[in-house]
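Here are a few short exercises to work through with the model open beside you. Try each task before you read its solution.

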Amino acid sequence: MSVSTFRRGLKLPTRKHATEGKPIEMVPPPKQAVIPINQHFGAPNKPLVSVGEKVIRGQKIADASSPGPMTVPVHASISGVVKKIEPRTQSNNTEGLCVVIEAEEGGDSSGGREEFMTPLDPFTCTKEDALARIREAGLLGMGGAGFPTHIKLAPPPNKKIDVIIADGAECEPYLTTDEAAMTEKPHLLVKGLEIIMKITGVNRAIIGMEDNKKNLIPMIERELRVGEIKGDISIGLCRTRYPQGGEKMLITALTGREVPSGGLPMDAGCIVQNVGSLIAIAEAFLLGKPLIDRDLTVSGGACKTPKNIRAPIGTLLKDLPVEFMEIDYSKLAKIIFGGPMMGTAVPSLEIPIQKNTSGIILMTKEETTAEAEGPCIRCGRCIRNCAARLSPVIMNNSLEADDLDYAVKAGLMDCMECGSCSYMCPAKIKLVQRFRVGKQRLRIKQAAQKAAAK
Ligand code: SF4
Ligand code: SF4
């Protein structure tokens, strides 16, 4: 099988050895769950439950008051009683309204009780019913900003889609849950692909993965041989190169197409879904299960128990049993939610696991790049290594000069926040962090302009 890739990018130390090949271990239900009600990109939800109310695992606990297209509901991940509804720190370090559920005294927090939806046959139901099921299951992009899945699967009629891509690249260092999920649930991965091919009417799909996972190929090929596969599904191998898992990089590597500046995968005729999302889609139809558990990798040099785990959403880091996350405090320098390149450093263990938490990395000082920033030496390494072909140094200079418009002209909104420029910068300039803040400033400015124009 040939191996494809994209131009530029980095060859990073993958640091996956500690959890590679390990199974996903189930974390027992915690005694409390702190569940942010707004984990999606879109209009805010409202709680559907009150303090003192009993809830069952799987029950919907928050939704938009008039469900618009850009909203998805949130569900209870354990059974128990709603103790509080209050703002708490979320994994992106912002305060957000959370429903705090406590397992009943002396009771098993799962209680063996679950309130799932009735299974639905995706191949006989209407497209509208299928999209409604995906929304009702609370499904969103499990590795990124929380874009609602049902929106991604319903592009405007003028966007012709002819390829679905399953993103199994998992290019961030340390992370291995996608690999573990593909190993353990290849049937659900293929089923998830068949379901979205049915919904979108697309006949061709590619399962994309980096060549450090080629040992999975026989297993997935076997899955593609058994049963009657609905559509043309193949495997595409890509070079292990960061950020190969970025949607635009994967599209270029697997189809040779380029997503235009300011465009989306649908502008290149593609829909990209992470393999974890595809498995969750299959479970939403076959089991009626909403998104209430999350597979993630726990690793890093200050982690004594590196492993792949599945935890109820809302589990606080401090409530993970020691056998699932034992911290070596003598080495701990930083806790990262997500991978080390695109993740967020969090200040404490009081942070909940969320729908988009792909990993918890307990980093030592040696593993972090927390060195002091120096002045730009104009070496151009950030430009040479940007896979999106932007000029990070110019964007940074524009932001420092408070010239948001020029930063946008230089490509700010095309930045996929992969962190390659920061990683390569010899002056240790926190480029990607500045770009994240710059984008937030731009959104605030645009919202203010919109409000002023009303
Ligand atoms: S400018 Fe954005 S896309 Fe380019 S390397 Fe930096 S973070 Fe990645
Ligand atoms: S890599 Fe760093 S030092 Fe080199 S040009 Fe870019 S910002 Fe300046």
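**Exercise 1: the shell of a ligand**

Ligand 2 has 14 residues around it, the closest being Cys-376, Cys-379, Cys-382, Val-393 and Cys-425; a residue counts as near if its C-beta atom, placed from the backbone, lies within 6 Å. This is a predicted model, where local features need pLDDT of at least 70, side-chain atom pairs count only at pLDDT 80 or more, and totals for chains, interfaces and linings use all residues. Residues are numbered from 1 along each chain as its sequence is written, while chains are lettered from A and ligands numbered from 1 in the order in which they are written.

Task: find which elements give two or more residues to this shell.

Solution. Step one: the elements are helix H8 (381–385) and helix H9 (392–400); helices are DSSP runs (H or I, at least four residues), numbered from the N terminus. Step two: by class, the shell holds eleven nonpolar residues, one polar and two charged. Here Ala, Val, Leu, Ile, Met, Phe, Trp, Tyr, Cys and Pro count as nonpolar, Asp, Glu, Lys and Arg as charged, and the others, Gly among them, as polar.

**Exercise 2: two domains**

Task: work out how many residues each domain brings to the contact.

Solution. Step one: the domain assignment, automatic or from a database, gives domain 1 (3–20 + 118–286) and domain 2 (381–453). Step two: their centres, taken over C-alpha atoms, are 28 Å apart. Step three: eleven residues come from domain 1 and eleven from domain 2, with contact meaning C-beta atoms, placed from the backbone, within 7 Å. Step four: the side of domain 1 that touches domain 2 has five nonpolar, four polar and two charged residues.
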